[in-house]
Amino acid sequence: MVAESGATIRKEITVERERLPRKRIFLWLAGIFTSSFLLLFLLMDLRLNPFDEGLVLVNAMRTLNGDVVHRDYYSPYGPATYYILAGLFKLDEHWFILGRIYGVTIMAGIVTTFFGLLIKQTTIVTTLTFTGICVILLLGTPFYLYPLFPSVLLSLIGSTLLLRWFREKQSHAMLLLAGCMTGAIALFRYDAGFFVAVAHVVALAGHILLCAEPGGQRYRQIVQAGMLYGAGIAIVFLPFAVAYIWVSPISAFYNDIIDYPLHYYASMRGLPFPNLSGSLDHPEILIIYLPALAVVISTIGITTIGRSATLRGLSSNDSRHLLLFLVFTPLTAILYYKGVVRVSAMHMLMSFIPSLLLFSLFFDRAWGKGTARGRLAAILVLALTFWAAIPPALVRVISDLAQAQTPLNALLAYKGLSGRRPTDDKYCPLVPAMALASQNPDYSIVSAYIRRFSQPTEKIFVGLNRHDKIFINSVYLYFSTGRQPGTHWQQFDPGIQTRLDIQSQIISDLEINKIRWVVRDGNFENVQEPNESSRSSGVYILDHYLSGHYRRVARSGALEVWLINGTTAPRLPGGESCFGLSADSSPAVTPA
């Protein structure tokens, strides 16, 4: 009976015709990409995220300088984003805005691919509704350079190619290309590439078991399809792996990607699941729980369609929907596991976006039944996804517009329609690399001070007031000052820079690179998370070293500028210094 249902699926797929002409679909896709790009760009948050975005910009800056990921600098991510941005930085000196254009392009690509997956599977109203929710979700997620987003985009493209192979099994190129997309994902985030590969192999196996011809040696077909998919992964990922091993010891990769996640990530960065009742005040909490609901609903959908196929045969609608369920159910379920350590809406996005697609299919099917029960279920699903995505985005956008923190404010000011500026130029003039970027005034002041009194080729160190307990550091100060980091360990993570061996290496780096300038940041000192990062490691050698070899010469807010002993502190020239910076030659006290 399963074989009969599989034959029915293939027959229905074969006779199915496109709902829209190819040219018209292309125009739709072009329109969706253009409109979503403009919306995301004009309402973009111009504030530079000091850690998640800063580390990507700084690593791209280091890559442009010839450094190799893992070998020369610590990174929990793959090299792809760094090399793409480094290439863009060669084109023009306005690095911040180039990076943001890249990030918004990736987001618009996600929206467009999401739309393309639905346009021939659901009604145009359903497609536009859930595509709108998708774009608004991204509006409320201002982590523009986070490597998760290209991973999402490539997983959607790879899933589209997998669906093409399901429909046209003779076209092995589709399966090979799907593997290539997963190989590319691994170059952005190694872990995401692994999880997507597992999800796609599960989808392949499920489809072959359901739809293979009678006596078609299903398990052999699964192995052959898996090998072809794996070959696509290897085509993209192996050249990087070989090139990397050629120039770097594999131990550097192991330390960053295997050792830290296995031994420290869960204990130092783990977060508990929030109370679901809190979603009334914090709707984004639903993003954490809705993928699980989507998996349950879609599993029921697969079972229901399979049962109806056995009894009555499949309609063309059921054929299309079953294939999408087979691909996106394991993708949602397996990527959900990726977010169960650091439980947050941001880390669940890789699972939530495919779950949003599953919800759109359920909505289309439930509403299409025409029953009161079906339509009530459809409205409930729509309301849940609406509440999860839209209120947080509206709060963010309205707040940024009110504070003149978007390109739309800059455009209106340029046209003379608004007197508000998107940046606070009264504190410090922006260098071209930081044009349009908005940052906390203290960071702007200190960045200008370092630029004023250090050499362009000079390396600096951005640390904390204390290094026995770490949440994050303001790694982006390297970018805003235009100065290279003076250590391999410029990005701080609890469990790494709190260790005795790593602090010893940092001290060695400071001496080898003859670091004169140190910025110490106290803004994150009181951040407490419910994990081991809130506890002191008891390691103070870096703090003692800085106190013994450097002295504080200037400060702004919680930021302090320290200069190596034996060097004369510069005087703030009248009329040139940024507002708010005070000279201070007294030494700081090392935290105990």
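User: Which residues line the second largest cavity?

Analyst: This is a predicted model. The second largest cavity holds about 40 Å³ of space. Its lining divides into 3 nonpolar, 1 polar and 2 charged residues. The residues that line it are Tyr 146, Leu 148, Arg 189, Lys 338, His 347 and Met 350.

User: Which residues that line the largest pocket are the closest to its centre?

Analyst: The largest pocket offers about 1,200 Å³ of space. Its lining counts 38 residues. Arg 189 and Lys 338 also line the second largest cavity. Closest to the centre of the pocket are Tyr 146, Arg 189, Tyr 265, Lys 338 and His 347.

User: Which element gives the most to the lining of the largest pocket?

Analyst: The elements that give two or more residues are α3 (52–64), α9 (190–211), α11 (250–269) and α13 (316–338). One of them supplies 12 residues, the most of any. That element is α11.

User: How many charged residues does the lining of the largest pocket have?

Analyst: Sort the lining of the largest pocket by class. The nonpolar class has 24 residues and the polar class has 6. The charged class has 8.

User: Is Arg 189 buried or exposed?

Analyst: Arg 189 is among the residues closest to the centre of the largest pocket. Its relative accessibility is 7%. The cut-off for buried is under 20%. Because 7% falls under that cut-off, Arg 189 counts as buried.

User: Which residue forms a salt bridge with Arg 189?

Analyst: Side chains of opposite charge can pair when their charged atoms come close. Here the closest N and O atoms are 3.2 Å apart. The partner is partly exposed, with a relative accessible area of 27%. It is Asp 191.

User: How many salt bridges does a search of the whole structure find?

Analyst: The pair of Arg 189 and Asp 191 is one of them. Another joins Glu 560 and Arg 552. Searching the whole structure gives a total of 15.

User: In which helix do Arg 396 and Asp 400 both lie?

Analyst: The side chains of Arg 396 and Asp 400 meet in a salt bridge, at 2.7 Å from N to O. The two residues sit 4 residues apart, about one turn of the helix. That helix covers residues 372–402 and is α15.

User: Why does Asp 400 count as buried?

Analyst: Buried means under 20% relative accessible area. Its salt-bridge partner, Arg 396, is buried with a relative accessible area of 10%. Asp 400 also counts as buried because its relative accessibility is 1%.

User: Which residues are linked with Arg 396 and Asp 400 in a network of salt bridges?

Analyst: Arg 396 and Asp 400 pair with each other in α15. The salt-bridge network links them with an Asp and an Arg. Those residues are Asp 45 and Arg 47.

User: What is the N to O distance where the side chains of Glu 560 and Arg 552 meet?

Analyst: Glu 560 is buried, with a relative accessible area of 12%. Arg 552 counts as buried at 10% relative accessibility. Their side chains meet in a salt bridge with an N to O distance of 2.9 Å.

User: How many residues line the largest cavity?

Analyst: The count comes to 3 cavities of 30 Å³ or more, and the largest has about 110 Å³ of space. Leu 464, Lys 469, Phe 471, Phe 524 and Glu 525 lie nearest its centre. The lining divides into 6 nonpolar, 4 polar and 4 charged residues. In total the lining residues number 14.

User: Which residues make a nonpolar surface patch of about 240 Å²?

Analyst: Leu 128 is one of them, and it lies in helix α6 (residues 124–139). Leu 128 counts as partly exposed because its relative accessibility is 35%. The patch is made by Ile 124, Val 125 and Leu 128.

User: What distance separates the C-alpha atoms of Ala 569 and Val 553?

Analyst: Ala 569 sits in the loop between β4 (559–564) and β5 (582–583). It counts as partly exposed at 30% relative accessibility. Ala 569 and Val 553 are 16 residues apart along the chain. Their C-alpha atoms are separated by 6.4 Å.

User: What distance separates the C-alpha atoms of Gln 484 and Pro 456?

Analyst: Gln 484 lies in the loop between α18 (477–481) and α19 (500–512). Gln 484 is buried, with a relative accessible area of 16%. Along the chain, Gln 484 and Pro 456 are 28 residues apart. Their C-alpha separation is 8.9 Å.

Terms used: Residues numbered from 1 in each chain as written. Predicted model: local features only at pLDDT ≥ 70, side-chain atom pairs only at ≥ 80, totals over all residues. Heavy atoms only, no water. Patch = residues over 30% accessible without salt bridge, like charges linked within 9 Å, V, L, I, M, F, W, Y side chains within 5 Å. Areas by Shrake-Rupley, 256 points an atom, 1.4 Å probe, with all protein chains shown as cover. Salt bridge = Lys/Arg side-chain N within 4 Å of Asp/Glu carboxyl O. Buried < 20%, exposed > 50% of the residue type's maximum accessible area, 1.4 Å probe, protein only. 1 Å grid on protein atoms, 1.4 Å probe; cavity = no way out; pocket = protein on both sides within 12 Å on 5 of 7 lines; lining within 4 Å. Points joined across faces, edges and corners; volume = space filled by probe spheres on them. Nonpolar A, V, L, I, M, F, W, Y, C, P; charged D, E, K, R; others polar.
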